[in-house]
Amino acid sequence: MNDFVTFEGDNVADLKKAFEEAVDHYVSVCEKLARDPQKTFRGKFNVRIKPELHRKASLVAFKKNISLNKLVETAINNEIGKPEYSALAL
């Protein structure tokens, strides 16, 4: 997430309360700005592709001796590295 949210406390109860208040404040600011709150990314997502493309990708990964996940990660990195995406805050 690119937004910056902070909170602090002297004990667990204070930290929990401060965290909840910080999140509530962040959500209200997003609402006022008419934008969706940013979410953290886990690094996992489902991809639906045609079975034939899945088969071919699996074969390429096997021939390169890498996982299918690594092949997809490399392909995404190659795509994101293109000049038309250089202005994105990555």
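A residue is called buried here when its relative accessible area is under 20%. By that standard, 8% of the 90 residues of the protein count as buried. The structure is a predicted model, and the following paragraphs walk through it from the overall outline down to single residues.

The protein holds three helices and zero strands. Read from the N terminus, the order of its elements is α-α-α. With a radius of gyration of 20 Å, well over the 12 Å that the globule rule gives for 90 residues, the protein is more spread out than a compact globule. The C-alpha trace spans about 55 × 30 × 20 Å along its principal axes. Contacts offer another view of the fold: among those between residues at least 6 apart in sequence, 24% join residues at least 24 apart.

The surface comes next. About 8500 Å² of the protein is exposed, and carbon and sulfur atoms supply 57% of that area. The protein carries 15 positive and 13 negative charges, and the mean positions of these two sets lie 16 Å apart.

Before helix 1 comes a segment that includes Asp-3. Asp-3 is partly exposed, its relative accessible area being 22%; this places the residue outside the buried class because that class requires a value under 20%. Once neighbours within four places in sequence are set aside, the contacts of Asp-3 are with Tyr-26, Arg-35 and Gln-38. For the pair Asp-3 and Tyr-26, the separation is 23 residues in sequence and 9.1 Å in space, taken from C-alpha to C-alpha.

Helix 1 covers residues 12–32, and the loop that leads from there to helix 2 contains Ala-34. The backbone of Ala-34 deserves a look: its phi is near 55 degrees, a positive value in a residue other than glycine. Ala-34 is also exposed, with a relative accessible area of 70%. Thr-40 belongs to the loop between helix 1 and helix 2 as well. Thr-40 is exposed too, at a relative accessible area of 61%. From Thr-40 to Leu-68 there are 28 residues in sequence, and the distance between their C-alpha atoms is 24 Å.

Helix 2 takes in residues 51–64, and its length can be checked with simple arithmetic. At 1.5 Å a residue, these 14 residues should span 20 Å; the end C-alpha atoms are indeed 20 Å apart, so the expected and modelled spans agree. In general, an α-helix has 3.6 residues a turn, so residues three or four places apart point the same way. That rule may help a newcomer when following the helices on screen.

Directly after helix 2 stands Asn-65, with a positive phi near 60 degrees. Asn-65 has this positive value although it is not a glycine. The residue sits in the loop between helix 2 and helix 3, the latter being residues 68–80. With a relative accessible area of 70%, Asn-65 is exposed.

Taken together, the model shows three helices without strands, a chain more spread out than a compact globule, and loops in which Ala-34 and Asn-65 are exposed.

Note on methods. Residues are numbered from 1 along each chain as its sequence is written. This is a predicted model: local features need pLDDT of at least 70, side-chain atom pairs count only at pLDDT 80 or more; totals for chains, interfaces and linings use all residues. Side-chain values use heavy atoms; hydrogens and water are left out. Helices (H or I, at least four residues) and strands (E, at least two) are DSSP runs, numbered from the N terminus. The radius of gyration is taken over C-alpha atoms; the globule rule is 2.2 Å times the number of residues to the power 0.38. Buried means under 20% relative accessible area, exposed over 50%, partly exposed in between (1.4 Å probe, protein chains only). Contact means heavy atoms within 4.5 Å. Accessible areas come from the Shrake-Rupley method with a 1.4 Å probe; for residues, only the protein chains shown count as cover. Lys and Arg count as positive and Asp and Glu as negative; His and the chain ends are not counted. The place of a charge is taken as NZ of Lys, CZ of Arg, CG of Asp or CD of Glu. The expected span of a helix is 1.5 Å times one less than its number of residues.
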